[in-house]
Amino acid sequence: MKLKTLVLSGLIGLVSANAMAADIQSRMIRFGYGLNEDSNQGRAVQKFAAEVGKLSGDKMKVRAFGAATLGSDLQMQQALLGGAQEMMVGSTATLVGIVPEMAIWDTPFLFNNAEEADAVLDGPVGEQVKAKLEEKGLVGLVYWENGFRNLTNSQRPVTSLEDMDGIRLRVMQNNVFLDSFKALGANAVPMAFSELFTALETRTVDGQENPYNTILSSKFYEVQKYLTVTNHVYSPWIVLVSKKFWDKLSDDERRVLEQAAAASRDFERRDTREEAAWALAELKEKGMEVNELDAAQVDRMRERLTEVNQGIAKEVGQQLWDDVQAELQKIRG
Ligand code: TF8
């Protein structure tokens, strides 16, 4: 750097902190997601886009693409890795092929409630897992809530383990989910979310599992008669930036994305929880038959599902497994 430039930048630093804000260029950010625009995911992407605009003086523009128009979660991840797309939000479960540690969040019955999930995901362990993305070419900004997952199918009411026998169940593309539902006796079929509605409609698969919000916003009630309240696992979403894009950004531009992401997270969790609170009643209204499992069946299901825990500990490393357990102990007191 020339002396003149050095002196000048020193002066600017002294003159005003606002000059720093000038280190924002005009940027176009293509932000893809898998659910419909009219969903908790879509609303939170809109919130993020609005915040980015506000914080950057409208220099940074987020163009949102919903309903997997830029591809499935896996395809978008590849586009981010290659630098062909700037941002996305999707399931942590589909990242396990890139960062094995992400499988920790797929542990059945890991969290008892949303507060536990927030504390662990936003705490040191959640940060540590998120940070693993960077060396793989992705930057994780924040975790959003997808939510507690529940089972739907078109075949029969599921009120016992035996009822799961032979049900062709779509699962996320991830070994923990595959193994979990095989352990329950279902015929588990890994499939991208973007293909799911059609697969349910054509009866290529009989069932699926997702939070109430998604069953509603994706209109699964049109093609699924039975819902069983299982809450078998809490799913996070994660907001991702292409590392190739991130590396081009100034500190100020990165701060804009980080602050907007934090605001979107708080908005998204509130919105998702509000919706989840009434969504089940709405699904009944739409004609779904809702079944609860009695305590004995819940115990049996929990026992079967936690058979996969050892495999998860192996995949993510015993240390991380223990760290999460220790964190939960602390929270539970
Ligand atoms: C699933 C997830 C979905 C996400 C979303 C499309 O079942 O629960 O919510 O992948 O980003 O695939």
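These questions and answers concern the ligand and the largest pocket in a predicted model.

Q: What makes the approach between the ligand and N210 a polar contact?
A: A polar contact needs a pair of N or O atoms within 3.5 Å. An oxygen atom of the ligand is 2.6 Å from an N or O atom in the N210 side chain, so the pair meets the cut-off.

Q: Which distances put the side chains of R149 and W237 in polar contact with the ligand?
A: For R149, a side-chain N or O atom is 3.0 Å from a ligand oxygen. For W237, the corresponding distance is 3.3 Å. Both values are within 3.5 Å, so both pairs count.
The protein buries 98% of the 320 Å² that the ligand exposes when taken alone.

Q: Where does the ligand sit among the cavities?
A: The ligand takes up the space of the largest cavity. A cavity is a space where a 1.4 Å probe fits but cannot get out.

Q: Why is the ligand said to lie between domain 1 and domain 2?
A: Residues from both domain 1 (26-99 + 106-145 + 236-277) and domain 2 (150-234 + 278-332) belong to the shell around the ligand, so the ligand lies between them. The ligand is surrounded by 13 residues, and the closest are D73, N146, R149, R170 and N210.

Q: How do you know which classes of residue make up the shell around the ligand?
A: The shell has four nonpolar, six polar and three charged residues.

Q: What makes up the lining of the largest pocket?
A: Seven nonpolar, five polar and one charged residues line the largest pocket. Domain 1 and domain 2 each supply at least three lining residues. The pocket holds about 210 Å³ of space. Among the residues closest to its centre are N36, F193 and S218.

Notes:
Residues are numbered from 1 along each chain as its sequence is written. This is a predicted model: local features need pLDDT of at least 70, side-chain atom pairs count only at pLDDT 80 or more; totals for chains, interfaces and linings use all residues. Side-chain values use heavy atoms; hydrogens and water are left out. A residue is near a molecule or strand if one of its heavy atoms lies within 4 Å of it. A polar contact is a pair of N or O atoms within 3.5 Å; within protein, one must be able to donate a hydrogen and the other to accept it, and residues adjacent in sequence count only if both atoms are side-chain atoms. Accessible areas come from the Shrake-Rupley method with a 1.4 Å probe; for residues, only the protein chains shown count as cover. On a 1 Å grid over the protein atoms alone, a cavity is a set of points where a 1.4 Å probe fits but cannot get out, and a pocket is an open set with protein on both sides within 12 Å along at least five of seven lines; lining residues have an atom within 4 Å of a point. A molecule sits in a cavity or pocket if more than half of its atoms lie within 2 Å of its grid points. Ala, Val, Leu, Ile, Met, Phe, Trp, Tyr, Cys and Pro count as nonpolar, Asp, Glu, Lys and Arg as charged, and the others, Gly among them, as polar. Domain bounds come from an automatic or database domain assignment. Grid points are joined across faces, edges and corners, and a volume is the space filled by probe spheres set on the points.
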